[in-house]
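Please read the following alongside the sequence and the structure. The text starts with the sheet, moves on to the helices, and ends with some local details.

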Amino acid sequence: MTAPQQVAYQDVLRVWQEADTIPEIEHAWLFDHLLPIGGDPDGPIFEGWTLLSALAAQTRRLRLGLLVTSNRVRPPAMLAKIATTVDVVSGGRLDFGIGVGSRPGHPLALREYLAHGLPFHDTAHAVGSLAEALTVIRRLWTSPEPFDFTGDYLQLTGAFGNPKPIQRPHPPIMIGGRSSATLRIVAQHADLWNIPGGGPITDLIARSALLDRYCHEIGRDPASITRSIHLPVTYTNPAPTRAAITEAITAGFHHIILGLPAPFPQNAARWVADELITPTT
């Protein structure tokens with residue numbers, strides 16, 4: 001995962017194109033912020049979906065996505081169209097990452113909503129609207145006919161998606177988050193579930209067990225949801241990340257996303273494969 005902040009476009013492109021040639025690296029990710037959440041608060045940052053589309057056009061193998069899209073930023077029907085476009089541009093390589101958006105108490109994240117004139121509703125609104133958004137997005141990706149939708153948060157008239165995504169029935173849906181309310185949505189809608197690492201593995205195991213319980217409550221096989229984890233990387237000392245990868249896999253998290261800090265060194269992707277992936281496989 002290459003956060004597109006405090007970097008130039010060519011820096012991100014260089015890492016992704018190198019990663020595209022390395023079979024050990026299966027997927028690549030950006031994030032979805034409009035102002036930096038690390039480093040110089042007034043530094044450069046690129047919008048995630050437009051950058052993802054550009055990178056999709058200049059890679060051939062990597063699966064790709066945003067870790068994760070904020071449902072607060074774009075109307076869901078528009079987001080469905082954007083994601084379809086990226087899936088088509090990429091030849092069917094999109095993993096659709098989405099979440100409720102930033103925590104209300106996170107000041108560096110909150111400021112980007114205020115700076116762009118975006119509403120920042122409370123957590124209950126954010127969770128409820130995410131559930132409706134996923135229902136609408138999936139229908140836009142799959143429905144052969146226009147439809148209306150009237151929910152508590154969304155109202156659509158004559159909604160229709162054309163073209164459809166290349167992937168059938170639709171791109172895999174990754175939901176990011178750890179709250180109980182979000183995990184209930186994961187159980188209903190997700191193909192992959194992502195949670196940030198770096199904390200006690202016992203907490204991650206407990207969150208995963210809670211997701212299992214919610215799946216059983218609705219009659220879904222918990223094994224149908226891939227467990228994903230984001231782990232931070234330090235170039236000067238790869239040993240802690242290697243240990244974290246092994247620990248995460250042992251705990252059932254087999255989809256590993258490694259967060260590369262900027263600036264990205266030369267041959268960063270090759271370094272990841274040689275220093276982090278190969279030693280733990």
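The open sheet contains six strands in the order β3-β4-β7-β8-β9-β10, and their pairing is parallel. Its edges are formed by β3 (69-70) and β10 (255-259), each of which pairs on one side only. The model is a predicted one. As a general background, strands of a sheet pair through backbone hydrogen bonds, in either a parallel or an antiparallel way.

At the β3 edge, two bridges link β3 in the parallel sense to strand β4, residues 96-99. Ser70 has Gly99 of β4 as its bridge partner. Two helices can be placed against the other strands. Helix α7 (residues 201-217) lies across β8 (192-196) and β9 (226-232), and runs at about 155° to β8. Helix α8 (residues 239-250) also packs on the sheet, where it touches β9 and β10. The direction of α8 makes about 160° with that of β10.

The next topic is the packing of helices on one another. Two packed helices are described by the angle between their axes and the distance between the axes. Helix α3 (residues 76-89) takes part in two such contacts, one with α5 and one with α2.

For the first contact, the axes of α3 and helix α5 (residues 123-142) come within 9 Å and cross at roughly 45°. At this angle α3 and α5 are therefore oblique to each other, since angles under 35 degrees would count as roughly parallel and 65 to 115 as roughly perpendicular. The crossing of α3 with α5 is right-handed. On the α3 side, the contact is made by Pro76, Ala77, Leu79, Ala80, Ala83 and Thr84; on the α5 side, Ala133, Ile137, Leu140 and Trp141 meet them. Sorted by class, the residues of this contact of α3 with α5 are nine nonpolar, one polar and no charged.

For the second contact, the axes of helix α2 (residues 48-57) and α3 come within 8 Å, with a crossing angle of roughly 15°. α2 and α3 are therefore roughly parallel to each other, as angles under 35 degrees fall in that class. The handedness of the crossing of α2 with α3 is left. From α2, the residues in contact are Trp49, Leu52, Ser53, Ala56 and Ala57, and from α3 they are Leu79, Ile82, Ala83, Val86 and Val89. The contact of α2 with α3 divides into nine nonpolar residues, one polar and no charged. Leu79 and Ala83 of α3 are listed in the contact with α5 and also in the contact with α2.

Apart from the parallel pairings there is a hairpin, made by β5 and β6 with four residues between them. β5 and β6 run antiparallel and are joined by three bridges. In one of these pairings, Phe149 has Leu156 of β6 as its bridge partner. In a regular strand the side chains alternate between the two faces of the sheet. Strand β5 (residues 147-150) shows this alternation: Phe147 and Phe149 point to one face and are buried, whereas Asp148 and Thr150 point to the other and are not.

Several backbone details lie outside the helices and strands. Where are the cis peptide bonds found? One runs from Leu67 to Val68, with omega near -20°, and Val68 is in the loop between β2 (63-66) and β3. Another joins Arg168 and Pro169, with omega about 0°; Pro169 is in the loop between β6 (155-159) and β7 (173-176).

Positive phi values occur in two residues that are not glycine. Gln6 has a phi of about 60° and is placed in the segment before α1 (9-19). With a relative accessibility of 27%, Gln6 counts as partly exposed. Asn267 has a phi near 60° and is found in the loop between β10 and α9 (268-277). Asn267 is partly exposed as well, with a relative accessible area of 49%.

The loop between β10 and α9 also holds Phe264. Is Phe264 buried or exposed? Its relative accessible area is 6%, so Phe264 is buried, the limit for this class being under 20%. Leaving aside neighbours within four places in sequence, Phe264 is in contact with Thr2, Ala3, Val7, Asp11, Val12, Arg14, Val15 and Tyr235. Tyr235 is 29 residues away from Phe264 along the chain, and their C-alpha atoms are separated by 9.3 Å.

Key: Residues numbered from 1 in each chain as written. Predicted model: local features only at pLDDT ≥ 70, side-chain atom pairs only at ≥ 80, totals over all residues. Heavy atoms only, no water. Axes fitted to C-alpha atoms, helices over the stretch in contact; angles between N-to-C directions. Parallel < 35°, antiparallel > 145°, perpendicular 65-115°, else oblique. Left-handed = near helix turned anticlockwise from the far one by under 90°. Contact = heavy atoms within 4.5 Å. Nonpolar A, V, L, I, M, F, W, Y, C, P; charged D, E, K, R; others polar. Pairing = 2+ DSSP bridges. Buried < 20%, exposed > 50% of the residue type's maximum accessible area, 1.4 Å probe, protein only.
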